[in-house]
Amino acid sequence: MPVEVTWWGHATCTVEDSGVRFLTDPLFARRFAHLRRRRGALPPPGAAVAEAVLVSHLHADHLHLPSLARLAPGTRLLVPRGAPGAVPGLRGLARNGLRLTEVEPGDEVVVEGVTVRAVPALHDGRRLPMGPRRSPALGYVVEGAARTYFAGDTGLFDGMAEAVGPVDVALLPVGGWGPYLGAGHLDAGRAAEALAELSPAAAVPVHYGTYWPVGLDGVRPHEFHSPGDEFVRHAARLAPKVAVHLLGHGERVRPEVAR
């Protein structure tokens, strides 16, 4: 099979294509700020092993400096253009041996023969709470034996399929880490609409059912537990030809793609 996807929880996935490992938005914390991990064991040390790491935007649950510090020296780290100016800790990681590359939509980077293309996302990607709007939120398409789209955080936007391009596997956010989703996010229904527009062969729902604010366990708990199942139901109606793989934390799948 050309590609293997492992979901570690939240937006953190390993995509292995042609023997090259890509890690998305690594978050290996049991708790940070007001969030705690409510489901799934912490990823094992091997989850931090990758040839390249893809950071979609600057929010602390996607660009988490302590998790990035676990990467081995020499790992390529792709970040939105301008990120080191907004998050100075990235420069420290570079001094410690990470190979930092800034990208914006349309940029391509080749990692051991596999091409990574940065694509647009509709999301406020600045470093909150007061970061300047200097860095775009991104998605990425990993193109080797298959074309795997990691959406990061995004809302639906006009021309999404054209901007992303043809894909075989889509890793789509279907929820969040709190009782309510703000603008620039996909819930299960909107993620299924995006799926119908993108029309990949396979999809994996991510970004749900992992972290939740401390003290809010009883507030709209369905927003924590149900997005994955809801996405499966919506996808069956809107994109019935797409094989949707509902993974548990630490589970992996080798989607069948025709290329």
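This report describes two sheets, a helix and one loop residue in a predicted model.

## The first sheet

Seven strands make up an open sheet, arranged in the order β8-β7-β6-β3-β2-β1-β17, and their pairing is mixed. Strands β8 (99-103) and β17 (252-253) stand at the edges, and each has a single partner strand, so one side of each is left without a neighbour in the sheet.

In general, the strands of a sheet pair through backbone hydrogen bonds, in either a parallel or an antiparallel manner. Strands β1 (residues 3-9) and β17 run antiparallel and are joined by two bridges. Within this pair, Val5 has Val253 of β17 as its bridge partner.

## The second sheet

A further open sheet consists of seven strands in the order β9-β10-β11-β12-β13-β14-β16, again with mixed pairing. Its edge strands are β9 (108-111) and β16, each of which pairs on one side only.

Strand β13 has parallel partners in this sheet. Three bridges connect β12 to β13, and the two strands run parallel; here Thr148 stands opposite Val169 in β13. Five bridges connect β13 to β14, which also run parallel. Among the bridge partners in β14 are Pro205, which pairs with Leu172, and Val206, which pairs with Pro173.

Helix α5 packs on the sheet and touches β12 (147-150), β13, β14 and β16. The direction of α5 makes about 160° with that of β13. The chain passes from β13 through α5 to β14, forming a β-α-β crossover that is right-handed.

## The surroundings of strand β13

In a regular strand, side chains alternate between the two faces of the sheet. In β13, Val169, Leu171 and Pro173 point one way, while Ala170 and Leu172 point the other way. All of these residues are buried. Since five of the five residues of β13 are buried, the strand is largely enclosed by the rest of the structure.

## Helix α7

Helix α7 comprises twelve residues (residues 227-238). At 1.5 Å a residue, the helix should span 16 Å, and its end C-alpha atoms are indeed 16 Å apart, so the expected and computed values agree.

The buried residues of α7 are Pro227, Gly228, Phe231 and Ala235. Viewed down the axis of α7, these buried residues fall within an arc of 90°, and they therefore line one face of the helix. On the other side of α7, Arg233, Ala236 and Arg237 are exposed.

The buried residues of α7 pack against elements of the second sheet and against other helices. The strands they contact are β13 (169-173), β14 (202-206) and β16 (243-244), and the helices are α5 (188-198) and α6 (222-225).

## Arg81 in a loop

Arg81 is located in the loop between β7 (76-80) and α2 (83-86). Its relative accessibility is 35%, and because buried means under 20% and exposed means over 50%, Arg81 counts as partly exposed.

Arg81 and Glu104 are 23 residues apart in sequence, yet their C-alpha atoms are 5.6 Å apart in space. Leaving aside residues up to four places away in sequence, Arg81 touches Glu102, Val103, Glu104, Asp107, Arg134, Ser135 and Pro136.

Definitions and conventions:
Residues numbered from 1 in each chain as written. Predicted model: local features only at pLDDT ≥ 70, side-chain atom pairs only at ≥ 80, totals over all residues. Heavy atoms only, no water. Helix = DSSP H or I, 4+ residues; strand = E, 2+ residues; numbered from the N terminus. Expected span 1.5 Å × (residues − 1). Buried < 20%, exposed > 50% of the residue type's maximum accessible area, 1.4 Å probe, protein only. Arc of directions from axis to C-beta. Contact = heavy atoms within 4.5 Å. Pairing = 2+ DSSP bridges. Axes fitted to C-alpha atoms, helices over the stretch in contact; angles between N-to-C directions. Right-handed = clockwise from strand over helix to strand, strands pointing away.
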